[in-house]
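Welcome, and please open your viewer. We will go from stop to stop, selecting residues and looking at what surrounds them.

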Amino acid sequence: MTAPALDEVYGYVQERCLWQFSSRAWDRTENIDGVLGTLADLLTNTPVNPSSPTERLFLADARVLADQLRERFPDLGSLDAAGVRALLESLRERVTQVAITQSRNHELHEKAY
Amino acid sequence: MPMVLLRCDKDIPEREKHIYLKAPDDDPKDFLPLANSPTIPGTLSERGCAFCGAKLVIGGVLKDTIQMIHGPIGCAYDTWHTKRYPSDNGNLQIKYVWSTDMKEPDIVFGGEKKLEKAMHEAFDEMPHLKRMILYTTCPTALIGDDVKAVTKRVMEARPDVDIFTVECPGFAGVSQSKGHHVLNIGWVNEKVGTIEPEITSEYTMNFIGDYNIQGDTFLLQQYWDALGIQVIAHFTGNANYDDLRGMHRAKLNVVNCARSAGYIANELKRKYGTPRLDIDSWGFNYTAEGIRKISTFFGIEEKGEALIASEYAKWKPKLDWYKARLKGAKMAIWTGGPRLWHWTKAVEDDLGVEVVAMSSKFGHEEDFEKVIARGREGTYYVNDPNELEFFEIINAIKPDVIFTGPRVGELVKKLHIPYVNGHGYHNGPYMGFEGFVNLARDMHNAVHNPLFNLARTDVRATPVVELKEAV
Ligand code: SF4
């Protein structure tokens, strides 16, 4: 079995997840780090204990995404915990790059909503 | 290739920055149509005015509120009766409209007295109504009527009424989007937190950005009832004015229309720490995903799965019947903005329909990021389109059906292309599971309507001289 390629996983996340496209750069950063961080825990069977409403929301988004990725990319199961975390870290970098640092959206850095 | 200058735009080359044709292997970082920018002189935009965005889209939906429009009568008529958002109390908001009917002498000498009289008159005539939203329009903003001072006087004279002012004349922004913004921010600053709602469930949320178009809110409410979730405020489908004053007490803000109402969700997060969950409430796959996320947030996953299973059992066979007959149909979506990204994958995944062109009147660049991420290659993505562009794109992509508003819809009907009302719906509601079957049915009836084939047939015996445009 081969591990799913970053491009494929990124393609799915980009098409599926609204949280990466919220209004401002700071919201996007918070969501991308929060959801993908929780996703890494879920996919490596690390216990997740949300302590705030925002963390509960990250868990809700991440759990749905974890189920979708497991179904879509069964080869994820061939990765050990370090492999999953490495893949998700690359994914986080790619999503951050496209949705924030290299985004052409002029409103991302406006001070107010 | 990806940014496109259409032939009809040769004299307004600035339009190239607004039209994107997605090509294979495009890097998403390289292309994004310019959006929420001023309409280019020389293009006949189909945008609405900023006042319209506040009144017609959001405020005018409220079912217990006088909508006082301080301006000439046309501002009132243009924003009344064209959206089909019913209520469960007899559709007051669809039946009645209020205007100060400003005339030339009022513009010359000022309209504050006339406004004050009209506000009292409205409350006197409808003594059961105690809430009002007051809107300025271009003329009354230009003459500088102090509507806040008038509001203060009326509220002092009538302690049992509450009035919210929206100062967003038509010229305040580049499109109706500005009106959404002004109303959202004004409401959260002035009205949220001024009432304590009665809490009846440990699970509470606001459902933001759903306007009960043909009963969307009624339909979704069945799901929240089944899950035992109290919706403190629907922003603003079938809502009361005071429901929206208690939005600070919800534990979760669920956002459907992020364009018209994302601002209030952002502000509620900033001020009260309430998390914001964005979902798509059209489509089977998406609705199920939204219910799953909400249920997970509240820790009621089993209830959520049971609801999804029973809705699938009821509606999926019907959806599949339409899917078999719609597979491969080519669709264009020419609406305001968010329905582009809500619908493009939903119709593809649930119905096998290909979306080949999309245009947005008031979307921002954020909306284009979402829709380009979800949309197909070979599809046009257009910001602030004009009619000639529509014609040229229709020729290029030959859609089988166009989801758009009645104005453009009547236009494309003349080309013998069926349209479905993408704003107010044909026979909705369209949200949720049952709603998406309604959408599929309307699309099926449009695509397979035999009348269009008949209409295309020229039955005249002899060729007729073509009419030429005057030059
Ligand atoms: S543009 Fe100005 S005058 Fe025209 S309808 Fe809008 S508010 Fe009224």
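Is Met331(B) buried or exposed? Select Met331(B) and look: with a relative accessible area of 0%, this residue counts as buried. Keep in mind along the way that you are looking at a predicted model.

**Stop 1: around Met331(B)**

Met331(B) sits in strand E10 of chain B, which covers residues 330-335. Now show what touches Met331(B). Leaving aside neighbours within four places in sequence, its contacts include Trp343(B), Val347(B), Val401(B), Phe403(B) and Met443(B). A run of contacts also comes from Val353(B), Glu354(B), Val355(B), Val356(B) and Ala357(B).

**Stop 2: the nonpolar cores**

Next, widen the view. The largest nonpolar core has 101 residues, and Met331(B) is among the six that touch the most other members. The others in that group are Met205(B), Trp224(B), Phe235(B), Leu351(B) and Met443(B). In soluble globular proteins, nonpolar side chains tend to be buried together.

Pick Phe235(B) from this group. Not counting residues up to four places away in sequence, Phe235(B) touches Ile58(B), Leu183(B), Phe207(B) and Met247(B), among others. Its contacts also include Ala261(B) and Ile264(B), so remember those two names for the next stop. For a second, separate core, select Ile32(A), Leu39(A), Leu65(A) and Leu108(A), which are among its 33 residues.

**Stop 3: helix H11 of chain B**

Select residues 258-272 of chain B to see helix H11. Twelve of its 15 residues are buried, so this helix is largely enclosed by the rest of the structure. Ala261(B) and Ile264(B) are among the buried ones, and so is Lys269(B). Just after the helix comes Gly273(B), which has a positive phi, near 75°.

**Stop 4: where the chains meet**

Color chain A and chain B separately. How many residues does each chain give to the contact? Chain B gives 39 and chain A gives 30. About 3200 Å² is buried between the two chains, with carbon and sulfur atoms giving 53% of that area. On the chain B side, select Lys29(B), Phe297(B) and Glu369(B): they lose the most area to chain A, together 20% of what that side buries.

Six salt bridges are found across this interface. To see one, select Asp27(A) and Lys269(B), whose closest N and O atoms are 3.9 Å apart. Then highlight helix H12 (284-298) of chain B; H12(B) gives the most to the side that touches chain A, with seven residues. That side as a whole divides into 14 nonpolar, six polar and 19 charged residues.

**Stop 5: salt bridges within each chain**

Side chains of opposite charge can pair when their charged atoms come close. Start in chain A with Arg94(A) and Asp7(A), a salt bridge with closest N and O atoms 2.8 Å apart. Arg94(A) lies in helix H4 and Asp7(A) in helix H1 of chain A, so the pair ties together parts 87 residues apart in sequence.

Move to chain B and select Glu190(B) with Lys148(B), where the closest N and O atoms are 3.0 Å apart. Glu190(B) is partly exposed, at 35% relative accessible area, and Lys148(B) is partly exposed too, at 36%.

Finish with Lys191(B) and Asp162(B), a salt bridge at 2.8 Å. Here Lys191(B) is buried, at 8%, and Asp162(B) is buried, at 10%. Add Arg131(B), Asp242(B) and Arg245(B) to your selection, and you have a network of salt bridges that links these residues with Lys191(B) and Asp162(B).

Terms used. Residues numbered from 1 in each chain as written. Chains lettered and ligands numbered in written order. Predicted model: local features only at pLDDT ≥ 70, side-chain atom pairs only at ≥ 80, totals over all residues. Heavy atoms only, no water. Buried < 20%, exposed > 50% of the residue type's maximum accessible area, 1.4 Å probe, protein only. Helix = DSSP H or I, 4+ residues; strand = E, 2+ residues; numbered from the N terminus. Contact = heavy atoms within 4.5 Å. Buried area = accessible area lost by both parts, 1.4 Å probe. Salt bridge = Lys/Arg side-chain N within 4 Å of Asp/Glu carboxyl O. Nonpolar A, V, L, I, M, F, W, Y, C, P; charged D, E, K, R; others polar. Core = buried A, V, L, I, M, F, W, Y, C linked by side-chain atoms within 4.5 Å.
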